[in-house]
Amino acid sequence: MSELIINCLLASFMCLGINLAMDEGMILHFMREWYLSMLDNIEATGAKIEILNNQLAFKWDDKKAYNKLTWDIEAQKSKLAYYIFMYYILKPICGCVTCMASVWGGGYLLFHYHLSINVLIGIPVIAFFNYTLYKLSNHA
């Protein structure tokens with residue numbers, strides 16, 4: 001049991017180190033920038049959809065313009081779905097320090113213990129250590 005706690009602490013420190021390496025000015029900041037750009041893309045695409053929907057009411061008499069506008073709205077909706085999907089995929093990898101325990105800490109435990117009950121016990125423990133140590137640091 002003590003070995004599992006030590007490995008959970010090591011995995012937690014690894015997750016916190018990765019999180020610090022993704023801060024601004026650090027070597028892995030490009031990963032966090034990509035994650036944060038998804039938020040900007042979601043907002044911008046949502047605004048474009050709203051503008052196009054507002055224009056749709058004025059184009060109902062011109063069939064060609066109406067069809068083009070409808071196609072543009074559907075294209076923007078598919079882009080929005082992609083951005084939302086990528087946002088939620090990237091969140092546990094480089095966005096949320098507590099969520100990082102599920103990916104990075106789980107990968108560490110799977111590498112160390114392979115597939116066992118220790119992995120299922122260890123991931124919540126790593127998430128707890130990540131959250132506690134992150135709040136105790138200056139980032140809180």
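Q: Why is Tyr 87 called buried in this predicted model?
A: Tyr 87 has a relative accessible area of 13%. Buried means under 20%, so Tyr 87 earns the label.

Q: Is Tyr 88 buried or exposed, and how do you know?
A: Tyr 88 has a relative accessible area of 53%. The cut-off for exposed is over 50%, so Tyr 88 counts as exposed.

Q: What makes the pair of Tyr 87 and Tyr 88 edge-to-face?
A: Look at the angle here: the planes stand at 75 degrees, and the ring centres are 5.0 Å apart. Rings pair if their centres lie within 6.5 Å, and planes over 60 degrees apart count as edge-to-face, so both conditions are met.

Q: Why is the aromatic pair of Tyr 35 and Tyr 87, one of three found in the whole structure, called stacked?
A: The planes of Tyr 35 and Tyr 87 are 15 degrees apart, with 5.2 Å centre to centre. Stacked needs under 30 degrees, so the name fits. This pair links distant parts of the chain, with Tyr 35 in helix H2 and Tyr 87 in helix H3, 52 residues apart.

Q: How do you know that Tyr 35 is buried?
A: Its relative accessible area is 7%, and the limit is under 20%, so Tyr 35 is buried. Tyr 35 and Tyr 87 are also among the residues with the most contacts inside the largest nonpolar core, which has 13 residues. Helix H3 gives the largest share of this core, six residues.

Definitions and conventions: Residues are numbered from 1 along each chain as its sequence is written. This is a predicted model: local features need pLDDT of at least 70, side-chain atom pairs count only at pLDDT 80 or more; totals for chains, interfaces and linings use all residues. Side-chain values use heavy atoms; hydrogens and water are left out. A nonpolar core is a set of buried Ala, Val, Leu, Ile, Met, Phe, Trp, Tyr and Cys residues joined through side-chain atoms within 4.5 Å. Buried means under 20% relative accessible area, exposed over 50%, partly exposed in between (1.4 Å probe, protein chains only). Helices (H or I, at least four residues) and strands (E, at least two) are DSSP runs, numbered from the N terminus. Rings of Phe, Tyr and Trp (its six-membered ring) pair if their centres lie within 6.5 Å; planes under 30 degrees apart count as stacked, over 60 as edge-to-face and the rest as tilted.
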